[in-house]
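Reader: I would like a close look at a single part of this model: the sheet, and what surrounds it. Please take it strand by strand.

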Amino acid sequence: MEALLRKLASYLTSIGVVSMLAATLTYVSLAVPGRVSAVCANVGKPIYCPVLAYGFPLPFLADSQGISPVGSVARDPLSVLIGEDDILWGRLAITALFWMLVSIAARRFWLRRRRNLAPRLKE
């Protein structure tokens, strides 16, 4: 029973580490600028125009046409939380999934490399 609990704790720790790494990489990806099409005017028929956005591989934080100054995107955590700019939720989910897969691949590579470099015990 104790071995099972230890293994479960190891899995939960691994999931926590990978999730935190993916969240950090998603936030750090806000340093990469890009453009997205957003609704600029919506009088009868929506009119789309390119706006500044940040995020990688898909830009997910876009300049809001109504609240923030045009051509600026606040990327600090407080501005993101209070909604000064538009969060494109679908793109954010895909970006977070991308970084989660990168984190899982990096962790598996690291664990495999560590296992291969460990000295072998002779029987």
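Author: What follows walks through the sheet, then its surroundings. The model is a predicted one.

Start with the overall layout. The sheet is open and holds four strands, in the order E1-E2-E3-E4. Pairing is antiparallel. The edges are taken by E1, residues 33–43, and E4, residues 86–87. Each of these has a single partner strand, so one side of each is left without a neighbour in the sheet.

Now the first pair. E1 runs antiparallel to E2, residues 45–54, and 10 bridges join them. Two of the pairings can be named. Pro-33 is opposite Tyr-54 of E2. Val-43 is opposite Lys-45 of E2. The hairpin of E1 and E2 has one residue between the strands. Gly-44 has a positive phi there, near 80°. As background, most residues other than glycine have a negative phi.

Lys-45 deserves a stop. The residue belongs to strand E2. Is Lys-45 buried or exposed? Its relative accessible area is 64%, and exposed means over 50%, so Lys-45 is exposed. Its C-alpha atom is separated from that of Arg-114 by 58 Å. Along the chain, the two residues are 69 residues apart.

Next, E2 and E3. They pair in the antiparallel sense, over two bridges. Ala-53 has Ala-62 of E3 as its bridge partner. The hairpin here has six residues between the strands. Gly-55 takes a positive phi in this hairpin, near 135°. The loop between E2 and E3 also holds Pro-57. The peptide bond from Phe-56 to Pro-57 is cis, and its omega is near 5°. In general, most peptide bonds are trans.

The last pair is E3 with E4. E3 covers residues 61–62, and two bridges join it to E4 in antiparallel fashion. Leu-61 is bridged to Ile-87 of E4.

Which residues make up the largest nonpolar core? There are seven: Leu-30, Leu-52, Tyr-54, Phe-60, Leu-61, Val-73 and Leu-92. Another core, of five residues, lies apart from it. Val-36, Ala-38, Ala-53 and Ala-62 are among its members. Nonpolar side chains in soluble globular proteins tend to be buried together.

Tyr-54 is worth following further. Its partner across the strands was Pro-33. Leave aside neighbours within four places in sequence. Tyr-54 then contacts Leu-30, Ala-31, Val-32, Pro-33, Pro-59, Phe-60, Leu-61, Val-73 and Arg-75. Among these, Leu-30, Phe-60, Leu-61 and Val-73 also belong to the largest core with Tyr-54.

Finally, the helices. Helix H1, residues 2–28, packs with helix H3, residues 89–117. Their axes are 8 Å apart, and the angle is about 130°. H1 and H3 are therefore oblique to each other. The crossing of H1 past H3 is right-handed. On the H1 side, the contact is made by Ser-14, Val-17, Val-18, Ser-19, Leu-21, Ala-22, Leu-25 and Thr-26. On the H3 side, it is made by Leu-92, Thr-95, Ala-96, Trp-99, Met-100, Ser-103, Ile-104 and Arg-107. Leu-92 leads back to the sheet: Leu-92 is in the largest nonpolar core, along with Tyr-54 and Leu-61.

Methods
Residues numbered from 1 in each chain as written. Predicted model: local features only at pLDDT ≥ 70, side-chain atom pairs only at ≥ 80, totals over all residues. Heavy atoms only, no water. Pairing = 2+ DSSP bridges. Core = buried A, V, L, I, M, F, W, Y, C linked by side-chain atoms within 4.5 Å. Buried < 20%, exposed > 50% of the residue type's maximum accessible area, 1.4 Å probe, protein only. Contact = heavy atoms within 4.5 Å. Axes fitted to C-alpha atoms, helices over the stretch in contact; angles between N-to-C directions. Parallel < 35°, antiparallel > 145°, perpendicular 65-115°, else oblique. Left-handed = near helix turned anticlockwise from the far one by under 90°.
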